[in-house]
Amino acid sequence: MNQPDESAAPALRRLLDLLASGAATEDFAEVLADARRRGASAGVLAEIDDATWQALRVHRTLRQHRRREAELTALFDTAGDLAASRDLDTVLQAIVRRARMLLGTDTAYLTLPDEAAGDTYMRVTDGSVSVLFQTLRLSLGDGLGGLVAQTARPYATPDYRTDERFHHTGTIDAGVLDEGLVAIIGVPLLLGGQVIGVLFAADRSPRAFSPDEVALLCTLAAHAAIALDTAKSLADTRAALAELNTANELVRAHSAAVQRAEQAHDRLTDLVLRGAEVPDVAAAVAHLLDGEIAVLDAEGEPLAGRPAPAAELARAVAASRAEGRSVRHGELWVCAVLAGHDTLGTLVLRGRPGLDDADRRLFERAGVVTALLLLLRRSVAETENRVRGELLTDLLTAPERDPAGLTARGRRLGVDLARPHLVLVAEPADRDGDDRGRLAGAARRYLFGSRGVSAEHGEAVVLLVPVGPGDADEPEQDAGSTARRAAERLARLAGFPVTVGAGHPVAGPVALAASYGEGLRCVRALRVLGRAGEGASARALGFLGVLLGDGHDVDGFVGSALGPLLAYDARRGTELVRTLRAYFDCGGSLTRAKDELHVHVNTVVQRLDRVEALLGRDWNQPERSLELQLALRLQLLAGERPG
């Protein structure tokens, strides 16, 4: 370049000032125009024109450097955001805002796929004014974004509305039109070769995007992809930590539950080994589960706790047996107590409508321990019953041989023969079947938990049942009801109808053997009457037992009907039996009876009052009267027999 003359110097200084101030490109051309207006020579104008061209090159280079500096600053800021911020929305918003600022576009936005909905949605927008555009959802493959996502390459269009390279849809076009967008550029967010989103910049007027702008937007998109990946990794890490914490809590809870179950099992097993009874185990389980426990036997009879209606629990017990687990039944929990396929009983838990897995397993474990206890008790009871059954057999076979020895032997075995007992004689209703063995097993289960004894004797099974203190008020009536209940329950246990006859409660070997005879005759009388499968006592059958029973125990019938009167006459020397006979012989006439007895009518009345006190108010009722008259006739005939 030639050394400029003095006339070009002011123009050159002005160009330098414009460069220093960063003036617009148009201001540089004004320097040459001003020299022409001043009439500068051709040489000076040429020099100024050359200097202007050089200044513009420097201006353009400086502008590129400033833009590159701004881009690098923005990228560094974005990198700083990625390193410092854990909020994905904040990072993405900053990236979209910087894309809009660096490219100088009216708006910028970022779309992400929605895997659940199967489309893409606007995640972040900057500079948008259209609600329709901000809520736009795009089907996969539609619009400029669909083309970018399918090809994993940047695409730009100077006029979106007329560009046919991608698939237009009414929904997308309506959103773009509502926002007023014309020129749009989209670049993919790539992660491992997979497109995970699209970053856009758009103007509301036609525009061509330079390669530098495309590269810058791609760099920002890479940062956005890193942000998304980092956020996903953090989310996965948090989820893994949460799952790990949950797993740890579950492990700790399971460990605590196992330890608690082991302690409970050890405690319950220790109770069984120390000889505890069913109520003791039920109380321990109730304490462990903070509820109320009832233990029922196989027939639904309570062994401990409050009874529960067996019919209502039948379906729950069947479900528990089938599943091998406890089941919920309304507000109750029910667990079948099983030994193999044999149902030994049922556990019923009240007061715990909600039972977690740990407590449910504890409840089921209590069922196992209860089954162990019941099996042990059954085994012991069967062994004891065999030994006691031998005593009962000897008692029924030869009671007169050594009554004192039998009593002492029974005491050693825990059977107090000096205490009143009720003798029950049970036979299968169908005597042609071979069911006595099953009936013997049913009898053992019937007596399980009591001090009773059973044994097979003859064609029947004999049960010796202790009479409690409260049973002494009306022993004969109680004998009949006990026989009826025994027939019903033995039938359920054995699985076929059972006939049961009961003698009257007595004490001592000889009397018990005699009571067995009464019960046996009662069974035979029931069979003759067509009442097989029922239960009754000698008192309940009355004179029908004498008429229909094998052996016709006249003395037993007379004693049962007139015993109180005979005993009173023997102690007091009175004539109550003779007075009662005279009263009946005279057709119930007091006047004729006093003539027959040769006493005053008041004496007859007083004696009959005593009869009522001894026999009961129903002594003169038709059925009772018939029994008494028959007993009086049999006594009279027995007295006339040759001695």
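# Exercises on a predicted protein chain

At 48% relative accessibility, alanine 29 counts as partly exposed, a class lying between buried (under 20% relative accessible area) and exposed (over 50%), with a 1.4 Å probe and protein chains only. This is a predicted model in which local features need pLDDT of at least 70 and side-chain atom pairs count only at pLDDT 80 or more, while totals for chains, interfaces and linings use all residues. Residues are numbered from 1 along each chain as its sequence is written, and side-chain values use heavy atoms, leaving out hydrogens and water.

## Exercise 1: Two residues in helices

Task: Find where alanine 29 and threonine 52 sit, and say whether threonine 52 is buried or exposed.

Solution.
- Step 1. Start with alanine 29, which is found in helix α2 (residues 25-37). Helices here are DSSP runs of H or I with at least four residues, strands are E runs of at least two, and both are numbered from the N terminus.
- Step 2. Look across to tryptophan 53: alanine 29 is 24 residues away from it in sequence, and their C-alpha atoms are 9.1 Å apart.
- Step 3. Now move to threonine 52, a residue of helix α3 (residues 42-84). Its relative accessible area is 6%, so threonine 52 is buried.
- Step 4. Leaving aside residues up to four places away in sequence, threonine 52 touches Leu15 and Phe28. A contact means heavy atoms within 4.5 Å.

## Exercise 2: Helices that pack on α21

Task: Work out how helices α20 and α19 are each oriented against α21.

Solution.
- Step 1. Two packed helices are described by the angle between their axes and the distance between the axes. The axes are lines fitted to C-alpha atoms over the stretch in contact, and angles run from 0 to 180 degrees between N-to-C directions.
- Step 2. Helix α20 (residues 590-597) packs on helix α21 (residues 601-615) at about 100 degrees, with the axes 9 Å apart. The two are therefore roughly perpendicular, as angles of 65 to 115 degrees count as such, under 35 as roughly parallel, over 145 as roughly antiparallel and the rest as oblique.
- Step 3. On the α20 side, the contact uses Leu590, Ala593, Lys594 and Leu597; α21 brings Val601, Val604, Val605, Arg607 and Leu608.
- Step 4. For helix α19 (residues 576-585), the axis comes within 10 Å of that of α21, crossing at roughly 105 degrees. This pair is therefore roughly perpendicular too.
- Step 5. Here Leu576, Thr579, Leu580 and Tyr583 of α19 meet residues of α21 including Val604, Arg607 and Leu608.

## Exercise 3: How covered is α19?

Task: How many residues of α19 are buried, and which ones?

Solution.
- Step 1. Eight of the ten residues in α19 are buried, leaving the helix mostly covered.
- Step 2. Among them are Val577, Arg581 and Phe584.
- Step 3. After α19 comes glycine 587, with a positive phi near 70 degrees.

## Exercise 4: Confidence and the whole chain

Task: Where is confidence lowest and where is it highest?

Solution.
- Step 1. The mean pLDDT, the predictor's confidence in each residue from 0 to 100, is 79 for the protein chain, and 86% of its residues reach 70 or more.
- Step 2. Helix α17 (residues 543-548) is lowest, at a mean of 54, and strand β4 (residues 155-157) is highest, at 93.
- Step 3. Over residues 1-5 the pLDDT is below 50. Where pLDDT is low, the predicted coordinates should not be read in detail.
- Step 4. To finish, the chain holds 22 helices and 16 strands, and 43% of its 643 residues are buried.
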